[in-house]
2 protein chains.
Amino acid sequence: MNILIAEDDPFHRAFLAGTVREALPGCEAVLEAEGGEQAVKLARDNRIDGVVMDIQMPEVSGIAAASKIWETRPDMRILFWSNYSDEAYVRGVSRIVPKEAVYGYVLKTASAQRLGLAMMGIFLEDQCIIDREVRGVQQRAMDLHEGLSNTEFEVLTDIALGLTDKAIAARRGISTRSVQSRLKQLYEKLGIDQQPHDDEGPVFNSRARAVALALSRGLLNLESMSLGEAKLRRWLEKGQ
Amino acid sequence: MNILIAEDDPFHRAFLAGTVREALPGCEAVLEAEGGEQAVKLARDNRIDGVVMDIQMPEVSGIAAASKIWETRPDMRILFWSNYSDEAYVRGVSRIVPKEAVYGYVLKTASAQRLGLAMMGIFLEDQCIIDREVRGVQQRAMDLHEGLSNTEFEVLTDIALGLTDKAIAARRGISTRSVQSRLKQLYEKLGIDQQPHDDEGPVFNSRARAVALALSRGLLNLESMSLGEAKLRRWLEKGQ
DNA sequence: GCACGACCTGCGGGATCCCGCAATCGAAGC
DNA sequence: GCTTCGATTGCGGGATCCCGCAGGTCGTGC
């Protein structure tokens, strides 16, 4: 069995390699990549049976790299190992995972033992293993009343990128009035109307406040935004 | 000599401890803190000669902890060790460092040797040692035409928190028209007017676009925003 | 004293945003 | 077939935002 490790931090990379050797004694080779691009290349050029992937990496993130790998090898087993359980990450992962793929999501704060158990479960037993805390986020995101729907999530990313209502409407193929309806729902779910008011009218600009709250709650993060920025740029060029 | 290490990641913490022992053979004790709060407590209760501080830590960040420590020991030598050279961090540090303090700013991507040299320079020779890359950011921030003035930076943080013009005016003690003037300058410096236009008017909402650009350029980051959120909350309560 | 630049401020208007009301459409369920 | 529910859309208005223009203030340097 050959395992690929993708992790930019050298200390974490060494720790991962050690844990892999310990949890999977039958493992023949452990390949190491320092970034997403290298991970894709190594996964393409070698016979790999599983990947341990850090999500936050400069240049090409772990999610982007996993997406690339799954394009050609939709049955690849990938264990995501991340510092955070941001909803942006959890959504990002579950959006790209193919139906036939086995995957896992373990937090870096977990013990070495828990990480080792997850490796055994995924790479030996083909189980999907998701940390409890991450599962909680996943659950909340699915709940229709608590979490955001896909359409609400779309307008959220769009206003976070700084688009106008009209631009969002053109991009998503709906009317500006619909955009505003979605925004209103978004504001309600984020609880913007119940934010403090001053004597002199509202303290908060709904649009900007929504972005601030989404960031602080992990609905969005910098990576999801730069990813959205890239998509937006492509759409703009296509339009011209 | 006693050195305090504040770093939440155990691998990095162990690496720091090793580097301290190597670079400073005369060092008697190396104390370790896992977070900002513990760092402040350890610095208060022990005879500490210098601190190596990670900036990004959950709960109490390294900048907040350093600020606390410098309140009672303004001559403390502190070496900041961070993953990023975000302008938000650089500004945050240089805003709180007392005139008589010796400090340093080294990136985590630097080699162990460079880190060791910085430790020797700061703790043995009382030199200020700032990585070249960080220095570049500091320089740009000082340049009046390239970087943002303090007033522009203030309105930037305010709109990022989601405040309305009126609320910003009340908070900063100026008229709403002044807020809008500052915003216009901010938009110009961020280059929002030269963003792409569609046939059907502007694609971007200036206010939201400014926040998006500031985040992607590191002028703001999540920590500076949650810090601003805390300040805002205090101000709101005072007003009521 | 005087010119200069940086900042603050009031006025006014045009564009955008926020939202209540109501009609329409499509999909799911009985 | 009918109902129900969610999503979309138009209309209209009030609030906010963006910005050009012009006048005022304050500190610096000659």
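In the predicted model, DNA strand D is surrounded by 18 residues, the closest of which are Ser175(A), Arg177(A), Ser178(A), Arg182(A) and Arg177(B); a residue is near a molecule or strand when one of its heavy atoms lies within 4 Å of it. Of the atoms of DNA strand D that come within 4 Å of the protein, sugar and phosphate account for 64%. A word on conventions helps here: residues are numbered from 1 along each chain as its sequence is written, while chains are lettered from A and ligands numbered from 1 in the order in which they are written. Because the model is predicted, local features need pLDDT of at least 70 and side-chain atom pairs count only at pLDDT 80 or more, whereas totals for chains, interfaces and linings use all residues, and side-chain values use heavy atoms, with hydrogens and water left out.

Several polar contacts (pairs of N or O atoms within 3.5 Å; within protein, one must be able to donate a hydrogen and the other to accept it, and residues adjacent in sequence count only if both atoms are side-chain atoms) can be followed on DNA strand D. The side chain of Arg182(A) places an N or O atom 2.5 Å from a phosphate oxygen of this strand, and a polar side-chain atom of Arg207(B) lies 3.1 Å from a phosphate oxygen. Arg177(B) instead addresses a base: an N or O atom of its side chain is 2.3 Å from a base oxygen of DNA strand D.

The surface near DNA strand D draws at least two residues each from helix 9 (176-190) of chain A and from helix 8 (165-172), helix 9 (176-190) and helix 10 (206-216) of chain B. Helices here are DSSP runs (H or I, at least four residues), numbered from the N terminus. Helix 9 of chain B gives the largest share, five residues. By type, the surface holds four nonpolar, seven polar and seven charged residues, where Ala, Val, Leu, Ile, Met, Phe, Trp, Tyr, Cys and Pro count as nonpolar, Asp, Glu, Lys and Arg as charged, and the others, Gly among them, as polar.

Turning to DNA strand C, 18 residues lie around it, with Arg177(A), Ser175(B), Arg177(B), Ser178(B) and Arg182(B) coming nearest. Sugar or phosphate makes up 60% of the strand's atoms within 4 Å of the protein, and bases make up the rest. Polar side-chain atoms of Ser178(B) and Arg182(B) each lie 2.4 Å from a phosphate oxygen of DNA strand C, while one of Gln180(A) is 2.8 Å from a base nitrogen. Two or more residues of this surface come from each of helix 8, helix 9 and helix 10 (206-216) of chain A and helix 9 of chain B. The largest share, five residues, belongs to helix 9 of chain A, and the surface divides into four nonpolar, seven polar and seven charged residues.

Helix 10 of chain A is largely enclosed by the rest of the structure, because nine of its eleven residues are buried (under 20% relative accessible area, with exposed over 50% and partly exposed in between; 1.4 Å probe, protein chains only). Among them are Arg207(A), Val211(A) and Leu215(A). At the N-terminal end, Asn205(A) caps the helix, with a side-chain oxygen 2.9 Å from the backbone nitrogen of Arg207(A). Just after the helix, Gly218(A) adopts a positive phi of about 80°.

Ala167(A), located in helix 8 of chain A, is likewise buried, at 8% relative accessibility. Leaving aside residues up to four places away in sequence, Ala167(A) touches Trp235(A) and Val203(B), a contact meaning heavy atoms within 4.5 Å.
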